[in-house]
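Welcome, and thanks for taking a look at this chain. Please keep the viewer open as you read, since the report moves from single residues to helix pairs and back.

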Amino acid sequence: MKLFKSILLLACAFTFSFGEDYKELNSKTMIGMESGLSNIQKGFLYNNLELVKYGAEQIKAENKIYHERKVIKEILPKGKQQMENIALITSNRIDNAIEELTTYVTLKDMRKAHDAFTDIVKACTDCHNIVRGW
């Protein structure tokens, strides 16, 4: 019986810490994505195309965790896990907009590059609508 209780307690502790790890991972990821968005915006403001590209790479790297359904389900608030498909689609929208941004920056078509940046922000906002209940 003691062994059973010990295993049960260990399982509960593991589950709790596992969920907390995802919350911490999400917080760190959001900080990285915010940094990328900030760098893109500064790059546009100061005509620094390398900074725009760097910010795009930051977002692309951070966004990878949102391609895993397991991670999405853990991060979504209780009662909203059924929206994992929408979150996954939103993550893919971010990737697509990053590719557009990078292409247009390379072509020096800054108007279209900025439109792609706007699409990134819109996708972020759509996901935040789900998570935060806006």
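Leaving aside its neighbours within four places in sequence, which residues is valine 131 in contact with? In this predicted model, the partners of valine 131 are Leu76, Pro77 and Lys80. We will come back to that residue below, after a look at the whole chain.

## The chain as a whole

Let's begin with the overall layout. The chain holds five helices and zero strands, and read from the N terminus its elements run α-α-α-α-α. Of the 134 residues, 34% are buried.

Two further totals help to set the scene. If you take the contacts between residues at least 6 apart in sequence, 61% of them join residues at least 24 apart. The surface that the chain exposes comes to about 8,800 Å², and carbon and sulfur atoms supply 60% of that area.

## Helices H2 and H4

Now bring up helix H2, residues 49-63, together with helix H4, residues 84-106. Their axes come within 10 Å and cross at roughly 160°. Because an angle over 145 degrees counts as roughly antiparallel, H2 is described as roughly antiparallel to H4. The crossing in which H2 passes H4 is left-handed.

Which residues make this contact? From H2 come Leu49, Val52, Lys53, Ala56, Ile59, Lys60 and Asn63. H4 contributes Ser91, Ile94, Asp95, Ile98, Glu99, Leu101, Thr102, Val105 and Thr106. Sorted by class, the residues of the H2 and H4 contact are eight nonpolar, four polar and four charged.

## Helices H4 and H5

H4 also packs against H5, at an angle of about 165° and with the axes 8 Å apart. That angle makes H4 roughly antiparallel to H5. Here too you can check the handedness on screen: the crossing of H4 and H5 is left-handed. By class, the contact of H4 with H5 has 17 nonpolar residues, one polar residue and six charged residues.

A good residue to click on in H4 is alanine 87. Is alanine 87 buried or exposed? With a relative accessibility of 7%, alanine 87 counts as buried. Not counting residues up to four places away in sequence, alanine 87 touches Ile72, Cys127 and Ile130. For one of these partners there is a distance to look at as well: alanine 87 and isoleucine 130 are 43 residues apart in sequence, and their C-alpha atoms are 8.1 Å apart in space.

## Two residues of H5

Helix H5 spans 110-132, and histidine 128 is found in it. Histidine 128 has a relative accessibility of 19%, so it counts as buried, the cut-off being under 20%. Apart from neighbours within four places in sequence, histidine 128 is in contact with Met30, Gly133 and Trp134.

Valine 131, the residue from the opening question, is also found in helix H5. Its relative accessible area is 31%, so valine 131 is partly exposed. As noted above, Leu76, Pro77 and Lys80 are in contact with valine 131. Lysine 78 is 53 residues from valine 131 along the chain, and the C-alpha atoms of the two are separated by 9.7 Å.

## Two loop residues with positive phi

Finally, do visit the loops. Where is asparagine 47 placed? Asparagine 47 sits in the loop between helix H1, which spans 2-45, and H2. Asparagine 47 is not a glycine, yet it has a positive phi of about 55°. At 62% relative accessibility, asparagine 47 counts as exposed.

Lysine 108 lies in the loop between H4 and H5. The phi of lysine 108 is positive at about 60°, although this residue is not a glycine. Lysine 108 has a relative accessibility of 59% and therefore counts as exposed. In sequence, lysine 108 and leucine 49 are 59 residues apart, while their C-alpha atoms are 8.8 Å apart in space. Leucine 49 may look familiar: Leu49 is among the residues of H2 that make the contact with H4.

Notes:
Residues are numbered from 1 along each chain as its sequence is written. This is a predicted model: local features need pLDDT of at least 70, side-chain atom pairs count only at pLDDT 80 or more; totals for chains, interfaces and linings use all residues. Side-chain values use heavy atoms; hydrogens and water are left out. Axes are lines fitted to C-alpha atoms, for helices over the stretch in contact, and angles run from 0 to 180 degrees between N-to-C directions. Helices (H or I, at least four residues) and strands (E, at least two) are DSSP runs, numbered from the N terminus. Angles under 35 degrees count as roughly parallel, over 145 as roughly antiparallel, 65 to 115 as roughly perpendicular and the rest as oblique. A crossing is left-handed if the near helix is turned anticlockwise from the far one by less than a right angle, and right-handed if clockwise. Contact means heavy atoms within 4.5 Å. Ala, Val, Leu, Ile, Met, Phe, Trp, Tyr, Cys and Pro count as nonpolar, Asp, Glu, Lys and Arg as charged, and the others, Gly among them, as polar. Buried means under 20% relative accessible area, exposed over 50%, partly exposed in between (1.4 Å probe, protein chains only). Accessible areas come from the Shrake-Rupley method with a 1.4 Å probe; for residues, only the protein chains shown count as cover.
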